[in-house]
Structures are given as C-alpha cells and as structure tokens.
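Open the structure in your viewer and keep the sequence panel beside it. This tour moves from the whole chain to single elements and side chains, saying at each stop what to select and what is there.

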Amino acid sequence: MDVRLFGDGSNTLRKPVEALVMVPRTHKLTPLARKMYTVFLYVTQQTLKQMGAIPPGNYLFEAPLVDVLRAAGAEGQNTMAKTYLAEMRKIEVSWDAPDVDYGPVHIGFNMISETRIVKREGMVILQWALPPTLLEVLADPKRWASINLLYLAQLKLYASIVLYEICSRYRNNPSHLTSRMPVEWWIELLTASPTVIDPATGKLKLIEWRKYKNKYLHAAIEEINEKSDLHIQLIEDKLGGKAIKEAQFFVKVKADARQAPQIEVKVEPISDQVLAMAKHSQISDLKELQALVEKYKEPAVSQALERLRERMSQGFSPEVGSPIGYLRHILRVMNPPTEELFEPQAPFPARSVLNESKPSAPISTLGSESRNLFDESNLAETWLANRQAEILDELKSMKPDEIQTWLTAYGETLRKKGLLTPTTRDRINSPTWFAAARVRLEMMQFYGLAKYGEAWNCPPSNL
C-alpha cells in the first residue's frame, strides 16, 4: 500500500485502554466502518501530536478519502464513503475499560460529532470531529494498546477486527493473557449489532457460547492467526461447573511474523522559516499550508511565499483578499501541468496524488524556450489574479442592498439554467457568500461580464 497519512512512520495507533472496548448501542456497525474509524483515530492522534495541543471543539481533522480507504483495506469503495460516515455519525457507542485501576471505566457518546466530504485540488477529503473526551485520551494516553494498521486492514470479519484490537493490548504483557471475563461479555463485545434486552427476563438476549464459538469465534481466531502479527489461543474456564462461564485469550507476537504490505507515510514538517513567512503574509490556516508543503515541497512553497510577500507589499495593487488562496494560485503557476508547457519528451515528470517521491524538475533546469513560455504565462496569470481580486474587492465593498441585488440576479440566472440547487441558494443568501469557492468565482465572472463586458478578464496585449 502507498498511503499518504499524517504520522511518524510507525503506522501504529496508540489506542488508550480507556477507549479500547467499543460496543455499538444503537445501530449495527459494519467491519469496514469500524476499520475506517480506527484510521480516523490514528490520523487524529498524529495530528494532535503535531499540533502539541487539543484544538477547539469545532476543529475538523481530515485525510484524503483514497488514503483512508486504502489504510482500512477497502481500496476502490469510494462510492460507499457517505454510507460509512452516516453509519458512524448515528451510532452511539460505549467505551469500557474493565482492567484499568484509574480513571473512567465506562464512557458513552456518538462515534463522530460531525463529518464532511469536501473537494480540494481535485482530491476528495474526509473531515471529522470527535468528542472532547476522546480527544483528551488520544492526545496523551497513559496506557495504550499498540494497534498496527497494516495488519488490521487485512482482517475482514468484525469479530476478528475487535479481537485483534483487544489482544494487541497484551502483546507485550509478561503473562501473555488477556483479562478473564464472562463469556456473555465476549459475545456482546465481538458482535457488530447492539444487544437486545429480553422484556420477560430483563437480561440480554445472547446466542449460546457454544454456538457463538462454532459460528463466529473460531473463524475470527483463525483469521487473526493467519493474517496478523499475533497468534492467539482461546482459554475457557467452567469455574467448577459443567458449562463454560469465563474465557480469556493467550496472546503472543509471532517470532516470524510475515511482513504486511507497507503503508508509506510521508510527512513534510513545516520549518520555522516557512511558518514565519506564512505568518508575515497573514496565513493562519496551518492545515492548508501543510497540504501545500506536502504537495509542492517546502522549497517551492518558500519561493511562492516570497512572491506573495512582494505582491502584498505593492501599494499600487489591490489588497490580497485571501493570502492562502493567492499562495495556492502562485504554486499552481509555478508547477503547471506538464502537457500545457512541454512536448512529451521534456524531462518534467507528471505529478501524482499518491506519488510524491519524484518531484518535478526545478525551473532552473528547463530550457530557455520553456522558461520564456513560463514567464509569459506567469505574467498573464498574475494579471488575471489581480483582476479577479479587484472584482472581488468591488463586490465586498458594496452596501448590503446593492450586493444583494447582484446576488439575486446571479441566482436568477442559475435558476433559469436549472443550476440553482438548495445549497447554492443558501450560500447566495448568506452574508459570507464569498467563502464558497464556486459561488465566489461564478459571481466574479457574472459581475465582471455584466459591468465591464467580455474583455473584463482578458490581459492587455502589451503585457
């Protein structure tokens, strides 16, 4: 696997023991949704590690959809992403820690507080928010289970996934034994659906231990022993009676554990110099800055920040409305698509979302003809960016009733074309309409064309 996720390269989630035992209480939880959730916890933990602090409650963690699916062993199931997110958002779970001697032993809340799917640079990004209590234990776990995502991704059975997480807690335990718990506890824990209360007895309606073993548990143990780095064995205890009352597992790390497919975690830390340059240019969105450093590499971002500084220091030019947006534009101009500038044989490798190990050739290595073409394109693009900024400034400086007249006219045009969706209508009617990229760009084009004519965005011939 070649997956780009935040992290230190270990591909291991330090799952706090307080949150180790997760039991769905309201709806069924599918195996893939559970694995995706573990990936969310991993990305969240690594992001918290980079941030060095717990962010505000409305902070959204994020990762590319394709990376999350690959890390969860579900490559190609992009169309099901909304289903899995909806599943996690509506499920209430309880976290139990039966063998801890400090802190809470039971916590209940929804798996995810908020989810979003957004598009950025042509890439689908998953965003999520987690309950504050979970963030606290993820940020600084006192005791944890080391869960290797490489092996977890290969497990397909729900019982296998849960049992692997539990047994990972004891991989380095001298006794090699999990806690000994009632068989009813194990059945409830390893079942994807919420348990039902028998109205007649007031007790949980559970399948018999014997039947559960034959139908689910043996298959789960076999899958873990075959596909993971652990070897586990069931140990049962009748407690002096005839029926099995309690169970636990013997856990041992395989001496010759086979190598799992590697997840290549690529982290591009932001240097203090780039952070200082970004701050000087009024860029505070470190998440966006991190994404640009990962995509374009730090030397290019540093060069683009210098151009942004020069642009913002020009007193005769319109004020830059969105420094991070203008920085992104500069980087696009500095790294144009290969086919637009060069013949196929030119030594300028195409960029790939999941292949950042081959950076584009530096501009200094290009031929003089290519450099001239780049400079001309750069001038035209810069002029257009300035022109768009001027138009946006005009719109933002209008009085509320005046800008609403223009927005209404723009919305009416969309309605006649059958393109006015409820979401677009809400954005048009919002005071922060310019925050939506599509509405902002189309509104600038609508206004520019109506007020200045078709040549509003055409660079002068003497440029």
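**The whole chain**

Begin with everything selected and shown as a surface: the protein chain exposes about 23,700 Å², and carbon and sulfur atoms supply 53% of it, the areas coming from the Shrake-Rupley method with a 1.4 Å probe, where for residues only the protein chains shown count as cover. This is a predicted model, in which local features need pLDDT of at least 70 and side-chain atom pairs count only at pLDDT 80 or more, while totals for chains, interfaces and linings use all residues. Residues are numbered from 1 along each chain as its sequence is written, and side-chain values use heavy atoms, with hydrogens and water left out.

Of the 463 residues of the protein chain, 45% count as buried; here buried means under 20% relative accessible area, exposed means over 50%, and partly exposed lies in between, with a 1.4 Å probe and protein chains only. Switch to a cartoon and you will find 17 helices and 13 strands, which are DSSP runs numbered from the N terminus (H or I with at least four residues for helices, E with at least two for strands). Among the contacts in the protein chain with a separation of 6 or more, 70% are made by residues 24 or more positions apart, a contact meaning heavy atoms within 4.5 Å.

**Two helices**

Select residues 31-51, which are helix α1. Its 21 residues should span 30 Å at 1.5 Å a residue, and its end C-alpha atoms are 30 Å apart, which agrees; the expected span is 1.5 Å times one less than the number of residues. Helix α1 is mostly covered, with 17 of its 21 residues buried, and just after it G52 takes a positive phi of about 75°.

Next select residues 298-312, helix α11, where 15 residues should span 21 Å and the end C-alpha atoms are 21 Å apart, in agreement. Colour its buried residues, which are A300, V301, S302, A304, L305, L308 and R311.

**A sheet of three strands**

Now select residues 181-182, 246-253 and 230-237, which are β9 and β13 and β12. Together they form an open sheet in the order β9-β13-β12, with antiparallel pairing. Strands β9 and β12 stand at the edges with a single partner strand each, so one side of each is left without a neighbour in the sheet.

Two strands pair if DSSP finds at least two bridges between them; β9 and β13 pair over two bridges, and β12 and β13 over eight. To see the register, show P182, which stands opposite E246 in β13, and then H231, which stands opposite K252 in β13.

**Aromatic rings between helices α15 and α17**

Which residues do ring pairs link into a cluster? Select W406, Y410, F446 and Y447, which are the members of that cluster. A search of the whole structure finds nine aromatic pairs, counting rings of Phe, Tyr and Trp (its six-membered ring) whose centres lie within 6.5 Å, with planes under 30 degrees apart called stacked, over 60 edge-to-face and the rest tilted.

One of them joins W406 and Y447, an edge-to-face pair at 4.7 Å centre to centre with 80° between the planes. This pair links distant parts of the chain, since W406 is in helix α15 (residues 400-416) and Y447 is in helix α17 (residues 437-452), 41 residues apart. W406 is partly exposed at 22% relative accessible area, whereas Y447 is buried at 2%.

The rings of Y410 and F446 have centres 6.0 Å apart and planes at 50°, so that pair is tilted. It too joins helix α15, through Y410, to helix α17, through F446, across 36 residues. Y410 is buried at 3% relative accessibility, while F446 is partly exposed at 21%.

**Last stops**

Stay in helix α17 and select L441, which is partly exposed at 46% relative accessibility. The C-alpha atoms of L441 and Q388 are separated by 8.5 Å, although these residues are 53 apart along the chain.

Finish with R387, which lies over the face of Y452 at 4.6 Å from the ring centre, and with R169, whose charged end sits over the ring of Y170, 5.3 Å from its centre. A charge sits over a ring if NZ of Lys or CZ of Arg is within 6 Å of the ring centre and within 35 degrees of the ring normal.
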